[in-house]
Amino acid sequence: MAKKTKHASAAGGGRIKNYNWQFWLIIALPMIYAFIFAYIPMGGIIIAFKDYSIRKGILGSDWVGFKYFIQFLTSKSSVLVIKNTLALGIYTMIVSFPIPILLAIGINEVRNKFFKKTVQMVTYAPYFISIVVLVGMMMQMMDLRTGIINVLLQKIGMDPVNFFGDVKLFRSLYVWSGIWQTAGYSSIIYVAALSGVSQELQEAAVVDGATRLQRIMHVDIPSILPTVIIMLIFSCSNVVSIGMDKIYLMQNTINAPVSEVISTFVYKVGIVNANFGFSTAAGLFQSVVSFLMLVIVNTICRKISDTSLW
Amino acid sequence: MKQAKFRNMTLGDKIFTLIIYTMLSLILVVILYPLIYIVSASFSDPQAVISGEVLLFPVRPTLKGYIAVLQNKKILTGFTNSLFYLVVGTIINLVMTMLCAYPLSRREFTARGWISKFFVFTMYFSGGMVPAYILVNRLHMINTRWVMLIPMAMSTYNMIICRTYIVNTIPDELYEASQIDGCTPFKYMMRVVVPLSKPILAVLTLYYGVGRWNDYYTAMMYLNDDRLMPITMVMREILIMGKVDMTKVQDATAAAKLQGMSELLKYSTIVVACVPVMLLYPLIQKHLVKGVMVGSVKG
């Protein structure tokens with residue numbers, strides 16, 4: 001606020017010409033873009049409350065109130081979809097939240113520069129592989145007959161595993177392949193936070209005779225706690241918002257009972273079967289719940305730790 | 001900090017250090033092995049691939065897989081389409097991001113407070129899949145190249161990274177000095193802000209470029225013309241739906257040979273599709289940490 005008032009008096013001085021209109025001109029294109037591609041679809045949400053027909057258009061269609069929401073929350077097939085989304089989201093969070101932190105702590109403890117650089121370069125790389133390639137690689141390498149993983153399993157005398165044909169394995173495949181791809185990249189932010197840990201504190205701990213493990217527990221982790229909390233808030237709100245990119249590629253008829261989540265359900269019901277109202281309601285349910293999660297977790301974090309997003 | 005030499009450590013610290021190095025080495029193997037295996041398999045003899053002879057290095061090296069890739073029209077079209085979407089799309093992204101980030105970085109711009117909120121809100125809430133689809137449909141963009149370029153013209157998250165960078169690294173005095181010299185905000189952007197933002201533009205090129213190259217979702221939603229498909233959709237067909245166009249290898253007699261070739265083609269396609277990203281990666285890897293750090297600063 002102080003900055004603003006200071007600036008106002010400077011502008012009032014009149015020595016510097018007011019160029020507001022030029023800024024408006026520069027930002028006009030991005031604003032038009034955001035209005036068309038973000039705000040108009042937001043207005044389209046009213047489809048969720050209407051019996052949408054292409055002939056009558058969005059505004060002309062009849063209101064149906066909360067019919068689609070009630071349908072989504074009570075019908076047997078969509079309750080299963082909600083359960084799947086939650087199960088997969090919670091599994092993902094439990095695994096993919098702590099692992100990057102552990103990885104970053106490990107990287108931070110390495111003193112050999114070359115080894116450190118190598119670990120960082122290699123672990124960040126899979127993040128840049130396309131999701132289609134990732135799923136394709138999994139299918140190739142886990143093939144029941146020709147996949148290298150089953151070849152290796154048989155070499156050490158174990159039975160081959162039908163990875164993509166086993167419902168029970170689906171969630172683990174999804175979550176752990178995600179770890180393979182993104183754990184390194186997600187660790188960057190913690191590595192950066194760890195490099196900012198106070199050197200004096202570290203040295204004081206050494207003088208006091210702390211072991212390396214004790215220094216991690218009592219110096220490093222408390223120092224990066226604010227970053228950890230911010231990331232925790234984000235990952236909690238992601239529990240319900242599993243994107244369809246990867247899961248849609250991994251789906252097959254065998255794993256459908258556990259792999260159908262809200263986003264793939266919205267795609268199939270809405271885009272493929274053109275049931276616009278119902279699927280918009282399902283999608284809206286997902287984004288509202290995820291937004292509420294963000295607000296709730298953020299409030300809890302602010303109460304108990306003074307760290308929050310806003 | 002001066003770290004104690006390994007031999008001067010206590011026994012407990014020695015064990016701890018060994019555990020860390022072992023764990024990280026294991027992680028390296030787990031990440032690298034699949035990548036090396038894919039490359040090796042793509043250069044191996046088809047029979048060796050399906051019989052599981054390839055373990056780490058190529059067996060009876062050949063270029064058959066890559067020749068098959070070159071002969072496959074769909075893959076070639078997909079590759080050129082993807083290159084087009086990558087280059088044009090990323091340029092659009094960078095221009096839009098700069099046009100948005102620069103005015104929002106200037107205190108002189110009186111409306112920047114509420115315009116910032118206008119953009120930030122779109123990060124937390126969106127209309128969802130179906131309204132977006134109806135919009136694109138109304139704009140007559142379905143099955144055109146535009147749909148691969150325009151609907152994702154800017155990411156608000158990247159725009160904020162860019163704005164934070166401009167605010168934190170370009171000194172305000174420069175703006176005042178340029179004003180006194182008669183420089184307009186537009187000229188200032190072109191002559192000062194853009195040249196001084198090269199490091200962040202490099203990071204954003206990587207983010208946007210990888211996103212463009214790897215995107216299959218947009219194409220799946222809005223395209224159904226084979227001539228417009230990006231490489232990711234062609235790969236989805238070949239790798240995941242298991243459809244390989246075998247017309248080009250009709251002369252191969254044995255069915256096993258066909259199957260071997262189709263497996264080989266899959267591995268080679270994966271490698272070919274990863275080449276552009278892997279060429280970009282080492283160039284920009286050193287900027288990655290900076291990008292993530294700028295992004296994590298609340299602005």
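The legends below describe close-up views of a predicted model, taking in a pocket, a cavity and three helix pairs.

**View 1. The second largest pocket and its lining.** The space in the second largest pocket amounts to about 1,100 Å³, and 40 residues line this pocket. Nearest the centre of the pocket lie A:I99, A:W176 and A:I179 from chain A together with B:I27 and B:V30 from chain B. Helices that each supply at least two residues of the lining are α6 (98-109), α8 (131-141), α9 (148-155), α10 (167-195) and α12 (212-237) of chain A, along with α1 (11-42) of chain B. Of these contributions, that of α1(B) is the greatest, at 12 residues. By class, the lining of the second largest pocket comprises 35 nonpolar and five polar residues, with no charged residue among them.

**View 2. The contact of α6(A) with α1(B).** Two of the helices that supply the lining of the second largest pocket, α6(A) and α1(B), pack with their axes 10 Å apart at an angle of about 120 degrees. An angle of this value lies outside the ranges for roughly parallel, roughly perpendicular and roughly antiparallel, and the two helices are therefore oblique to each other. The crossing of α6(A) and α1(B) is left-handed. On the side of α6(A), the residues in contact are A:L103, A:G106, A:I107 and A:E109, and these meet B:F16, B:I20, B:L24 and B:I27 of α1(B). Six nonpolar residues, one polar residue and one charged residue make up this contact. B:I27, which takes part in the contact with α6(A), is also one of the residues that lie nearest the centre of the second largest pocket.

**View 3. The contact of α11(A) with α12(A).** Within chain A, helix α11 (residues 199-207) packs against α12(A) at an angle of about 150 degrees, and the axes of the two are 10 Å apart. Because angles over 145 degrees count as roughly antiparallel, this description applies to α11(A) and α12(A). Their crossing is right-handed. The contact brings A:L201, A:Q202, A:A205 and A:V206 of α11(A) against A:R215, A:V219 and A:D220 of α12(A). Among the residues of this contact, four are nonpolar, one is polar and two are charged.

**View 4. The contact of α5(B) with α8(B).** In chain B, the axes of helix α5 (residues 112-124) and helix α8 (residues 156-169) cross at roughly 135 degrees and come within 9 Å. The two helices are therefore oblique to each other. From α5(B), the residues B:S116, B:F119, B:V120, B:T122 and B:M123 meet B:T156, B:Y157, B:M159, B:I160 and B:R163 of α8(B). By class, the contact holds six nonpolar, three polar and one charged residues.

**View 5. The second largest cavity, lined by residues of chains A and B.** The model has two cavities of 30 Å³ or more, and the volume of the second largest cavity is about 40 Å³. From chain A, the residues A:F128, A:I129, A:S130 and A:V133 line this cavity, while chain B provides B:W213, B:N214, B:T232, B:M235, B:A273, B:C274 and B:V277. In chain B, α11 (198-214), α13 (231-240) and α14 (255-296) each supply at least two residues of the lining, and the largest share, three residues, comes from α14(B). The lining of the second largest cavity consists of eight nonpolar and three polar residues, and no charged residue belongs to this lining.

Terms used
Residues are numbered from 1 along each chain as its sequence is written. Chains are lettered from A and ligands numbered from 1 in the order in which they are written. This is a predicted model: local features need pLDDT of at least 70, side-chain atom pairs count only at pLDDT 80 or more; totals for chains, interfaces and linings use all residues. Side-chain values use heavy atoms; hydrogens and water are left out. On a 1 Å grid over the protein atoms alone, a cavity is a set of points where a 1.4 Å probe fits but cannot get out, and a pocket is an open set with protein on both sides within 12 Å along at least five of seven lines; lining residues have an atom within 4 Å of a point. Grid points are joined across faces, edges and corners, and a volume is the space filled by probe spheres set on the points. Helices (H or I, at least four residues) and strands (E, at least two) are DSSP runs, numbered from the N terminus. Ala, Val, Leu, Ile, Met, Phe, Trp, Tyr, Cys and Pro count as nonpolar, Asp, Glu, Lys and Arg as charged, and the others, Gly among them, as polar. Axes are lines fitted to C-alpha atoms, for helices over the stretch in contact, and angles run from 0 to 180 degrees between N-to-C directions. Angles under 35 degrees count as roughly parallel, over 145 as roughly antiparallel, 65 to 115 as roughly perpendicular and the rest as oblique. A crossing is left-handed if the near helix is turned anticlockwise from the far one by less than a right angle, and right-handed if clockwise. Contact means heavy atoms within 4.5 Å.
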